[in-house]
Each structure stands twice: as C-alpha cells, then as structure tokens.
Amino acid sequence: MNFVALMAAFLASANLFAASIYFTVEMNQMGGGRVYLPCVYSDRFTAQCLFDSGSDNTSVGFNSFTQNLPSVGKTHFAGAAGKAKECDVVQIDSLAIGEFQKNAVLASRCADSVPADVVGINVLEGESFVFDFSERRIQTEVQIPSQIRAQELKVLPAGHLVVPIRVAGQMMGAVWDTGASLSAVDQEFVKEFPHAFTFVGEVSGGDVTGIPLRMKMYKTAAIEAAGIRLPESYVLALDFSAFRGTYFGDEVKMILGLNHMQSQKWYFDLPAQLWAIE
C-alpha cells in the first residue's frame with residue numbers, strides 16, 4: 001500500500017474530522033418513535049439502520065450480503081423478557097453512516113434477522129458527539145459548549161451511557177436509549193412512588209429478541225435532567241430484575257427513551273466521560 005492510500009485508510013478509520021449523520025424518524029401516536037440511520041456495509045450493501053444507543057451491540061440482518069460473511073464467534077442477546085438467544089458474530093470491513101465511517105466492525109447476525117440492522121452505542125465508542133432531534137442530525141467531533149455546564153457521565157462496562165435524572169424528587173440513573181420509543185421505569189419504583197404516575201392502560205410490545213410483552217403504561221410527572229425539565233410524557237413500567245445483574249446494577253431505575261429526548265440537544269464527550277444538554 002502506498003503512502004497516500006495508507007494515510008487515507010488511517011484517516012477514515014480514525015474519524016479525525018467532524019462528520020454529520022442525518023437521520024429519519026418514524027413517530028408514533030404516543031410521542032415516541034424510531035431513529036433510522038443511512039448505513040452502507042463494505043461500500044456495497046445499503047440498509048436503514050435503527051440507532052439504538054441502549055444496545056451495546058451492532059447487528060446486521062440476514063440478507064444476500066451478510067449471509068456470506070464467515071462467523072467469527074457467538075453472542076447472546078437477553079431482552080426485557082429475560083430470555084437469551086444465540087447469534088453469530090461477523091466482521092464488516094467498513095460501516096459508513098452518513099459522513100461517519102468505522103472500519104472492521106464486529107456485528108451480530110441472527111438467522112431470523114431479529115434484531116436486524118441496528119447501530120449500537122459501540123460504534124460511537126471514543127467519540128464526542130451531539131444528538132440534535134430538531135435538526136435530525138448527529139454531529140461528531142463536537143465539543144460541549146463552554147456556556148453549558150458539563151456533568152460527569154457514567155459509562156457502564158458494556159458501554160451504556162447513564163445520566164442522572166430526577167423523578168418524583170428522587171435522583172436515579174437513566175440509560176440514554178434512542179432505541180426505546182418510550183421511556184421505561186422500574187416497576188418497583190412505580191410501586192414506591194405511586195403519586196408520580198397516572199395509570200393509562202396496558203400495551204403490547206416486544207423486547208430486543210422479539211419476545212412479546214404486556215406492559216403497563218403511565219403518564220409521569222416531570223422528569224428533570226441537568227436541572228432542565230423534560231416534557232411530560234408516557235413511561236412503561238418494566239421488571240428491571242433482568243437488567244440489574246447483567247447490565248445496569250441497582251443505580252439505574254429508568255431507560256430514557258426517544259419521547260423524552262426531542263426538546264433538547266444532547267452532548268456526549270465519551271473520552272472525557274462528560275455530558276450536557278441545552
């Protein structure tokens with residue numbers, strides 16, 4: 001490889017320059033939705049990828065391109081239902097998302113394509129970025145503005161981003177999860193502070209493995225993050241016991257979903273482990 005080609009490969013891999021990723025959103029009637037990114041695998045295969053910052057794993061669907069990728073290992077998914085499924089791990093030569101590119105990306109590939117084409121938070125490991133819902137854009141290599149008070153960001157061993165929030169006057173950790181259409185709260189917290197939640201009804205859904213779930217939905221009192229009051233919205237009550245031992249620990253009592261992210265810009269500086277909103 002000549003010097004010019006070597007430098008080009010290095011720069012593409014290191015993402016030394018700011019990159020813009022414009023996304024699309026599919027909204028639902030409850031004020032939540034799904035964020036989709038324009039993905040290109042190995043400069044050949046295009047897909048609309050769900051952006052799931054609550055997942056520590058990137059996955060690809062089982063299709064004409066990925067079915068020919070050799071398996072380099074196995075991985076296991078465990079969703080809110082508490083049941084695990086085994087999938088292959090494959091390596092993608094490059095993953096381009098808008099102007100952003102990551103090389104040699106490991107991704108899960110499940111034969112039933114559940115989950116399929118998901119960009120997890122691991123793709124942004126080591127990056128500083130802003131998630132701007134109003135502009136439908138993720139911008140990398142962005143520093144937290146000096147006029148905004150940055151706070152310490154907790155990054156769990158699996159890569160989940162945990163921000164401190166206040167609900168019903170109680171401080172707790174919340175996983176920042178763009179893959180969650182609606183926020184979810186530990187059902188034990190709802191039982192402990194019932195005055196903060198108004199029961200709406202039961203809804204049907206599914207976890208990351210595709211297992212169906214019945215969940216109670218509530219309208220919640222205001223949630224505060226970094227002193228900013230987030231819009232009142234809905235939350236789902238879940239049994240967090242499946243998450244505590246494997247992912248979150250006891251501090252995390254909420255999954256902050258897309259319905260609570262739409263009014264602010266969310267800044268994350270992963271190398272410095274800082275975050276802020278405005």
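This passage goes through the nonpolar cores, the internal cavity and the salt bridges of a predicted model.

Start with the packing. The largest nonpolar core takes in 57 residues, and the members that touch the most others are L37, F131, W176, W266 and F268. W266 gives a feel for how this works: leaving aside residues up to four places away in sequence, its contacts include F129, V130, F131 and W176, and also L256, H260, M261 and W275. A separate second core has 16 residues, with A180, M215, F240 and F248 among them.

As for empty space, the count gives one cavity of 30 Å³ or more, and the volume of the largest cavity is about 30 Å³. L37, already met as a core residue, turns up again in the lining of this cavity, along with I21, F51, I97, F100, V119, V123, L124 and I138. That lining is made of nine nonpolar residues, with no polar and no charged ones.

On the charged side, there are nine salt bridges in the structure. One of them pairs D88 with R109, with 3.3 Å between the closest N and O atoms. This pair ties together distant parts of the chain, since D88 sits in strand β7 (residues 84-97) and R109 in strand β8 (residues 100-109), 21 residues apart. D88 counts as buried at 18% relative accessibility, and R109 is buried too, at 7%. K74 joins D88 and R109 in a network of salt bridges.

The bridge between E188 and K191, at 3.6 Å for the closest N and O atoms, is a more local affair: the two lie three residues apart in helix α2 (residues 187-192), so about one helical turn separates them. Here E188 is partly exposed at 40%, while K191 is exposed at 58%.

Conventions. Residues numbered from 1 in each chain as written. Predicted model: local features only at pLDDT ≥ 70, side-chain atom pairs only at ≥ 80, totals over all residues. Heavy atoms only, no water. Core = buried A, V, L, I, M, F, W, Y, C linked by side-chain atoms within 4.5 Å. Buried < 20%, exposed > 50% of the residue type's maximum accessible area, 1.4 Å probe, protein only. Contact = heavy atoms within 4.5 Å. 1 Å grid on protein atoms, 1.4 Å probe; cavity = no way out; pocket = protein on both sides within 12 Å on 5 of 7 lines; lining within 4 Å. Points joined across faces, edges and corners; volume = space filled by probe spheres on them. Nonpolar A, V, L, I, M, F, W, Y, C, P; charged D, E, K, R; others polar. Salt bridge = Lys/Arg side-chain N within 4 Å of Asp/Glu carboxyl O. Helix = DSSP H or I, 4+ residues; strand = E, 2+ residues; numbered from the N terminus.
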